[in-house]
Structure formats: structure tokens, C-alpha cells
Amino acid sequence: MTGPARLKGIAASIGVAVGPARVIGRERRRLSYRRIEEGAISSELARFEEAVSRSRAEIEAAKQELTERHGSTYAAILDVYLLMHGDALLIDATSEAIRNDRVNAEWALSRVTERLKQPLLEDASSYFQERARDIEHVGEHLLRHLGGEQRSELSTDVPTVLIAHDLTPADAVRMLAPPTVGLVTEMGAGSSHTAILARTFGVPAVVGVGPLPIEIEDDEVVLVDGFAGEVTVGPSAKERRAAETRRDRFAAFLKAERSTSAVTRDGVSISVTANVELPSEVQAALENGAEGIGLYRTEFMCLDHMEPPSEDEQLEVYRGVVSAMAPKRVVFRTFDWRGDKRLRARELGERERAWLKTQINAVLRASGEGSVALMFPMVATVDEFCRARALVEECRSEVSDERARSAKLPIGMMVEVPSAALLAERFAQQADFFAVGTNDLAHYTLAFDRRDSRSAARPLDPAVLGLLDRAITAARDAQLPCSMCGDMAADPVALCLALGLGYRQISVPVRIVPLVRAVIRNVDLQVAAEVARDGLRCGSADEVRELVIDRLDAHLGALWKEQGIV
Ligand code: PEP
Ligand code: MG
């Protein structure tokens, strides 16, 4: 290559990473067609079977590693991949295609995976889209083994930057751990599961860069700027040194801020809690001085499962988290299935109702271990929320554990659908607390799809700010606790506006907790409130952002610039 290549994408997880590339999914692009002679069919079939068994062994090993890291509930996400290694529609159909069409195994496999994927991709539901990606992933795994590649995705010790077309949430849980230090994906959006997991693991990430215009080779040095959403392939020595300095400075800054306070310049204490997806994050939440867990995304224990874990399996996870955090509060959110939203409290089917009750029972039983609250996602109507509340009472009356029956369990709701923000005063009469989800709220307000990598809804848009204002005002009037747990709170610029609107409880990804506290300490709430008032009258998200940067520069400019945020 002549000079560095630069790619622009969505800044999905802040920080800077530098390292050799690890390209996943290249197999798809290098497919070749070969016709097989009659006499060579059996050896081609044997080659395919050998690849299947090597691939299966590799996933078994990854499952073992995942169990050690996050526990057995999470390792089970790989069971779907393992099952697919024995699937007649995939494995037997490929063997048949080799035999009947007399084509090489790679070609046969790619035809079969395409055929299986297509109908799933045509379905709009994210559930089926993810199943299609599972097939694609297993197909790529097998192709890699057909190519005789022995490498294990998790076995190298060299810090690497993962380059992928896309990652399923299950891949992300598995691969966004050391030695991965950075992530670049062609697809993906800023609030997709993959982006959330990159933030969870503190892996700087740029997603949605689009089809790679260049061929990135394994081991080529890649620089990921998770602040600016920029990727440099083959940076100069000078660029590389500068990036390494920024990376180390940011890491040192986060470490130094671990036990600082979150009191504004004018002396107001802000509560900063953590958003958690995996139990293995609890330790880091405590080390970073989080005042509790403001959002526990329970659906991450169901990634790629056909159904949620049993009550006892869930109880084990919840109990562990609650007792480790005690006496600090843990807010569990019931499963949020996105796209198809199968567990919404309205119009629940028998099966979904049973799943939800299983989860509520597990939370009730865990609540004896410490301070626990429960909230429902995607609440759109008051009636829906009342039914969800009634379901909790039903569970409480049925549970045999006496401690669980009398447990104090505040019941809250996410305010993340425009209707909930618009009628926030009415919801405030029914809920014990609000947690505002700016990711969904922005997308639903501005009619964006969260999976769309070409564009992202911005919470600083004045229309969204108006709804955020309504929610916090209604909560304040009703003296209802109201936190902001969407990613607006994790953006060191947008956070200032949230504070200006009146938000005093903030919940952010674990790794960002120290950064958020540093921002808070530099904010003067009176100035922030004026900026928020003016922001509501602006014409666009860009205008609002510029306004915040301009008006708060005197107090925050040094911090923003020092860390490369603006
Ligand atoms: C949100 O929508 O802002 C939110 C916090 O929930 P999630 O990102 O899990 O949908
Ligand atoms: Mg949401």
C-alpha cells in the first residue's frame, strides 16, 4: 500500500486502539468454484467432515473459555453454533450438494448457507436477522477450517484490532476480550448490541464504516479512534506514536478518576451508576466507584438462546450481582428483545407471559440479598404498565419464598418511547421511578432504525430534547426518581445538556463512570440550565452540540481537548 488508508464510521466506543489487524470473515470473499471428478467425491466429503469436526472442537474450546470468564449461563450462547454443526439443513445438505452437484466443499457450503439465510433476512424481525447471521458465522467458521487454517480466534496473546463485516452479539461476547483491543465493523450502528458490548468491554470501536474500500491484511497495523469514528490502516510511525500516547493518556486518566466524586462546580451531587450487561462487569463497576447498577440489561443472558434461562439459573446470576453490589442498588430491566419486542407487557402470549413470570420470580427471590428494583422496557401505554405491575403482584402472591413475598421491590419503567415521554405526568402516577432511554427515544422520535449503519438518531436533536424535558419535569413534579441511562449520558458533551435539563441521576457504561464524574465536576449547573433552555430552541442537533461546546468551553474545554473528545 502506498500511504495510510483512512476510513470513517460511527464512533461506537470511545478510546484509542493501535494494533495488528485480525480480519474475520475474509473467507466469504475468496470463494472459488471447483468441479469434482466422480472418483474424488469421497475424499471431498471426508475433507468437509474433517472441517466440521475441527470447527466443532474449536467452538467447544471457546465455550469452555467463556464459561471460565462469564459463567455457564453466558457460555450457552455458543450452543446454537454447536447444534448447527449437526444440522441436517446445513451439514447434510452441504454433503449432498458435494455429492450431487460435484462441486468443491467451499462452493457447496456457501450455496447452502445462502439458501438458508435468504428467507430469514427477508423477515424484518431482528430475531430472524440474527439467526441469519448465526448461519453466516458458522459457514465462515467451516470455510476457515476447510482452508486448513488452524488458528483459534481466542488463542493469540498479541493485542489485535478485530476487523469484521459484522459481529453477532454472541461473537461480540466471545471476541471482545483480550487480546482484542479495538474493533472495526463494516456494518452496525452506534446503539446496536455489538456497540453496547464494545463499550461493555472497553474496546474502542468504529462501526458502520461500510464495505471496506481496501483489502486489509492480517497483521497490518490499524489505528482505531473511537472518539472521532476514524480508522487508519497502515499509519505512519509518527501517527502511530501519537495514537499510542493518546491511548495511554486516556487509560491513565480513567485510572486516576476511579475514586473521585461527582459534585458539580456549584456543589450539587450527581448520582453516577453503571449500565451492566454481564455479571463479570460487577467488579469493574465497584472499582470505578459506581454508586449502583442503574440498568442491568438482562436480555444479554439470552443472546442466541431459543428461550431464556430457567428461574434457578437466572436467580444464581441475579443473586451474585445483588450480593456483590450490596448495599448499593441494582436495577434489573426485564428482557428487552428489541425488533420484535416479544416480551412487551401488552398482548403477551402464554409462552412469553410464562417467561416474564419466571424472570420476575427470580428477581423477587434475589431481592432479599440486597437492594433491588425492577423496570420494564419499551412501555408505551399507561395500561400496559399497569398490567406489568399487576403481573409482579401476581408473582409475589404465588412465590413460596417468604422473604421474596415481602421483599421491597420498586417497580419502574423505561421512558424510551415518545408516548411515554408525552404522557410522563400520567405514568408518574403509576411508576415508582423512571429511567430514560435516550437510544430508543431518539430513534423512535426521529423515525430511525437502530440497526441502520448509515445513519443514527441523535439525542441532541431539539425534538428529543423536548421529550427529555417533559420526562424530567413530570418526574420532578411528582417527586419521582428519574435517571438517564441511555448513551446520551455517556457522551461527555451531551451529558452537560442532560444535567442542564435537570437530570441528577446518570447511568453509563462501566468504563465511562470515571470520565462522567470528571465532566460533572467541571459543570456549573446554572450555566448548563441556560444552555439547555437555549438548546430547546435550536434548529438541529449540530447546532445544539456547537452551543454546548461553545458555552461550556471555559470550564470543560481543557478536559474535552486533552482527551480528544472535541
Ligand atoms: C435506551 O434505549 O436508551 C436504553 C438505555 O436501552 P437499550 O439501549 O438497552 O435499548
Ligand atoms: Mg432501549
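**Ligand 1, polar contacts**

I started with aspartate 440: an N or O atom in its side chain sits 2.9 Å from an oxygen atom of ligand 1. Note to self that this is a predicted model. Next I checked how much of the ligand stays open. On its own, ligand 1 exposes 280 Å², and the protein buries 100% of that.

I then went through two other side chains. For glutamate 416, I found a polar side-chain atom 2.9 Å from an oxygen atom of ligand 1. For arginine 297, the gap between an N or O atom of the side chain and a ligand oxygen is 2.6 Å.

**Ligand 1, the shell**

I looked up who else is around. The shell counts 15 residues, with Arg297, Arg333, Gly437, Asn439 and Arg450 coming nearest. I sorted the shell by type and got 7 charged, 4 polar and 4 nonpolar residues.

Which element gives the most to this shell? I got α17, with 3 residues. That helix spans 438–445, and β10 (292–297) also supplies at least two residues. Arginine 297, from the polar contacts above, has its side chain 2.6 Å from the ligand oxygen.

**Domains**

I pulled the domain assignment for the chain. Domain 1 comes in two pieces, 5–24 and 152–252, while domain 2 covers 38–146 and domain 3 covers 260–562. I took the C-alpha centres of domain 1 and domain 2 and found 26 Å between them. Their contact uses 16 residues from domain 1 and 16 residues from domain 2. Between them, these two domains bury about 1300 Å², and I noted that 57% of it is on carbon and sulfur atoms.

Key:
Residues are numbered from 1 along each chain as its sequence is written. Chains are lettered from A and ligands numbered from 1 in the order in which they are written. This is a predicted model: local features need pLDDT of at least 70, side-chain atom pairs count only at pLDDT 80 or more; totals for chains, interfaces and linings use all residues. Side-chain values use heavy atoms; hydrogens and water are left out. A residue is near a molecule or strand if one of its heavy atoms lies within 4 Å of it. A polar contact is a pair of N or O atoms within 3.5 Å; within protein, one must be able to donate a hydrogen and the other to accept it, and residues adjacent in sequence count only if both atoms are side-chain atoms. Accessible areas come from the Shrake-Rupley method with a 1.4 Å probe; for residues, only the protein chains shown count as cover. Helices (H or I, at least four residues) and strands (E, at least two) are DSSP runs, numbered from the N terminus. Ala, Val, Leu, Ile, Met, Phe, Trp, Tyr, Cys and Pro count as nonpolar, Asp, Glu, Lys and Arg as charged, and the others, Gly among them, as polar. Domain bounds come from an automatic or database domain assignment. Contact means heavy atoms within 4.5 Å. Buried area is the accessible area (1.4 Å probe) that two parts lose on being put together, summed over both.
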